[in-house]
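Trainee: I am new to this structure and would like a close look at a single part of it. Could you take one helix and the residue that follows it, and set them in the context of the whole chain?

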Amino acid sequence: MKNAILEATIIGLQKDGLKFSIDTIASKLKISKKTVYKFFPCKEDLAVAVYDKFYDETNKRIDALTDDKAVDSFAELLNLYYQSYCMIRDDVFNKFALNDVVKKIALQKHNEIKDKFKGTLQTDEIDTAMFIIDGVLEKLNGQPLTAQITSRLEQLIW
């Protein structure tokens, strides 16, 4: 149940930012709020656990992709980096106090993902490539990263 709560919260977070409610999560899973609070005593604990789970899984997926040198993994790596980017967009966070704590954790974990992603780029102009990629991701602002956009970025960078 704990994992189901985390998965539902990740989806809610990506959709609504930290404005998601325990009521919404409980309703989506057809459980009581008491069940959610049994695993996560407060919303901050739940938010931190969500970011920990998301970034642990993202790091494992990036490591698996970069360990397999034979695979052309740019599209998958870019998608993982974009998912991480979406978890730290300004509109994810609202003005409540807990967001400062959660945002600090999220930014630190995102920067680790960014460094790993940068390390996979095979270009002499890594800073320029990241400037272009980050600009595109910012412009998308949570909208789908299409195969066409991914392909065009790959062409520009290589």
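Mentor: A helix here is a DSSP run of H or I with at least four residues, and helices are numbered from the N terminus. Please keep in mind that this is a predicted model. With that wording, lysine 53 can be placed in helix α4, which covers residues 43-67, and the part to look at closely, α7, covers residues 126-140.

Before turning to α7, it helps to see the chain as a whole. The chain has 8 helices and 0 strands, so that from the N terminus on its elements run α-α-α-α-α-α-α-α. Along its principal axes, the C-alpha trace spans about 55 × 30 × 25 Å. Of the 158 residues in the chain, 41% are buried, and the chain exposes about 9,100 Å², of which carbon and sulfur atoms supply 51%. If one takes the contacts between residues at least 6 apart in sequence, 69% of them join residues at least 24 apart. As for charge, the mean positions of the 23 positive and 24 negative charges lie 9 Å apart.

Now to α7 itself, beginning with its length. Its 15 residues, at 1.5 Å a residue, should span 21 Å, and the C-alpha atoms at its ends are 21 Å apart, which agrees with that expectation. The buried residues of α7 are Ala129, Met130, Ile133, Asp134, Leu137 and Leu140. Because these residues cover an arc of only 125 degrees around the axis, they sit on the same side of α7. On the other side of the helix, Asp127, Phe131, Glu138 and Lys139 are exposed.

The residue that follows deserves the same care. Just after α7, asparagine 141 takes a positive phi of about 45 degrees, and this asparagine belongs to the loop that leads from α7 to α8, the latter covering residues 147-157. Most residues other than glycine have a negative phi. With a relative accessibility of 39%, asparagine 141 counts as partly exposed, because that value falls between the limits of 20% and 50%.

Another residue can be set beside it. Lysine 30 also has a positive phi although it is not glycine, with a value near 60 degrees, and lysine 30 is found in the loop between α2 (22-29) and α3 (33-39). Its relative accessible area is 77%, and lysine 30 is therefore exposed, the limit being over 50%.

Lysine 53, with which we began, gives a contrasting case. At 13% relative accessibility lysine 53 counts as buried, because the limit for that word is under 20%. Leaving aside residues up to four places away in sequence, lysine 53 touches Asn3, Leu6, Glu7 and Ile10.

Those contacts lead to helix α1, which covers residues 2-16. Its 15 residues should span 21 Å at 1.5 Å a residue, and its end C-alpha atoms are 20 Å apart, which agrees. Within α1, the buried residues include Ile5, Leu6, Ala8, Thr9, Ile10, Gly12 and Leu13, and what covers the buried residues of α1 includes α2, α3 and α4.

How values were computed:
Residues are numbered from 1 along each chain as its sequence is written. This is a predicted model: local features need pLDDT of at least 70, side-chain atom pairs count only at pLDDT 80 or more; totals for chains, interfaces and linings use all residues. Side-chain values use heavy atoms; hydrogens and water are left out. Helices (H or I, at least four residues) and strands (E, at least two) are DSSP runs, numbered from the N terminus. Buried means under 20% relative accessible area, exposed over 50%, partly exposed in between (1.4 Å probe, protein chains only). Contact means heavy atoms within 4.5 Å. The expected span of a helix is 1.5 Å times one less than its number of residues. The arc is that of the directions from the helix axis to the C-beta atoms. Accessible areas come from the Shrake-Rupley method with a 1.4 Å probe; for residues, only the protein chains shown count as cover. Lys and Arg count as positive and Asp and Glu as negative; His and the chain ends are not counted. The place of a charge is taken as NZ of Lys, CZ of Arg, CG of Asp or CD of Glu.
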